[in-house]
Every structure is written in C-alpha cells, then in structure tokens.
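This briefing goes through one protein model, topic by topic. Please look over the sequence and the 3D view before reading on.

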Amino acid sequence: MSTESTTKEITTEIAIVFETTIRDNNYESRGVKVMLGFELEEIYRYTPRK
C-alpha cells in the first residue's frame with residue numbers, strides 16, 4: 001500500500017470593484033437588497049457549479 005500526499009494549490013486574486021458597479025447592480029426585493037447571480041459572476045469572475 002503506498003501513501004501519497006495530495007496538495008492543493010491555493011491561488012489568491014484581488015478583485016478591484018468600483019462602488020458604482022455594486023450600487024448599480026443592487027436590487028430591492030421585499031425590502032431586502034440583493035444582487036443577481038450572473039452579476040456576481042461577472043464582478044468576481046467566478047462560475048458556479050451547475
């Protein structure tokens with residue numbers, strides 16, 4: 001039996017987001033401020049698992 005250690009590489013990126021970008025993409029639904037998923041993906045360059 002062999003023992004192999006697996007290591008995960010962690011990368012860190014800094015996203016610079018303008019306040020106006022966030023403010024313009026805020027919506028209010030039933031008194032709660034929300035952002036839509038596709039807009040969050042665009043801002044943070046993240047694609048969720050489907």
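Leaving aside neighbours within four places in sequence, which residues is N25 in contact with? They are V34, M35, E39 and I43. The model is a predicted one, and the points below begin with its overall layout before returning to N25 and the residues around it.

**Overall layout**

- The protein contains two helices and two strands.
- Along the sequence these elements follow the pattern α-β-β-α.
- The protein has 50 residues, and buried residues make up 6% of them.
- About 5,600 Å² of the protein is exposed, and carbon and sulfur atoms supply 51% of that area.

**N25 and I43**

- N25 sits in the loop between helix 1 (19-24) and strand 1 (27-29).
- N25 has a relative accessible area of 18%, so it counts as buried, the cut-off being under 20%.
- I43 belongs to helix 2, which covers residues 37-44.
- With a relative accessible area of 12%, I43 is buried because this value falls under 20%.
- When neighbours within four places in sequence are set aside, I43 is in contact with V17, T21, N25 and M35.
- N25 in turn has I43 among its contacts, along with V34, M35 and E39.
- I43 and I16 are 27 residues apart along the chain, and 8.9 Å separates their C-alpha atoms.

**E39, a buried charged residue**

- E39 is found in helix 2.
- E39 is buried and has no salt bridge.
- The nearest side chain of opposite charge to E39 is that of K33, 13 Å away.
- The side chain of E39 does make a polar contact of 3.2 Å with the side chain of Y27.
- Not counting residues up to four places away in sequence, E39 touches N25 and Y27.

**N26 and L36**

- N26 lies in the loop between helix 1 and strand 1.
- N26 is partly exposed, with a relative accessible area of 32%.
- Apart from neighbours within four places in sequence, N26 is in contact with V34 and M35.
- The C-alpha atoms of N26 and E39 are separated by 9.6 Å, and these residues are 13 residues apart along the chain.
- L36 is located in the loop between strand 2 and helix 2.
- The relative accessibility of L36 is 37%, so L36 counts as partly exposed.
- L36 and N26 are ten residues apart along the chain, with 8.1 Å between their C-alpha atoms.

**The salt bridge**

- How many salt bridges does the count come to? The count comes to one salt bridge.
- The side chains of E19 and R23 form this salt bridge, at 2.9 Å from N to O.
- E19 and R23 are four residues apart in helix 1, which means that about one helical turn separates them.
- Is E19 buried or exposed? E19 counts as exposed because its relative accessibility is 57%, where the cut-off for exposed is over 50%.
- R23, at 49% relative accessibility, counts as partly exposed.

**The nonpolar patch on the surface**

- Y27, V32, V34, L36 and F38 form a nonpolar patch on the surface.
- Together the residues of this patch have about 430 Å² of accessible area.
- One of the patch residues, F38, is found in helix 2.
- F38 has a relative accessible area of 53%, so it counts as exposed.
- Another patch residue, L36, is partly exposed, at 37% relative accessibility.
- Y27, also in the patch, is the residue whose side chain makes the polar contact with E39.

**R30 and its backbone angle**

- R30 is found in the loop between strand 1 and strand 2 (32-34).
- What is the phi of R30? R30 has a positive phi of about 55°, although it is not a glycine.
- R30 is exposed, with a relative accessible area of 87%.

How values were computed. Residues are numbered from 1 along each chain as its sequence is written. This is a predicted model: local features need pLDDT of at least 70, side-chain atom pairs count only at pLDDT 80 or more; totals for chains, interfaces and linings use all residues. Side-chain values use heavy atoms; hydrogens and water are left out. Buried means under 20% relative accessible area, exposed over 50%, partly exposed in between (1.4 Å probe, protein chains only). Contact means heavy atoms within 4.5 Å. Accessible areas come from the Shrake-Rupley method with a 1.4 Å probe; for residues, only the protein chains shown count as cover. Patches are made of residues with over 30% relative accessible area and no salt bridge: like charges are joined within 9 Å, nonpolar side chains (Val, Leu, Ile, Met, Phe, Trp, Tyr) within 5 Å. A salt bridge is a side-chain nitrogen of Lys or Arg within 4 Å of a carboxyl oxygen of Asp or Glu. Lys and Arg count as positive and Asp and Glu as negative; His and the chain ends are not counted. A polar contact is a pair of N or O atoms within 3.5 Å; within protein, one must be able to donate a hydrogen and the other to accept it, and residues adjacent in sequence count only if both atoms are side-chain atoms.
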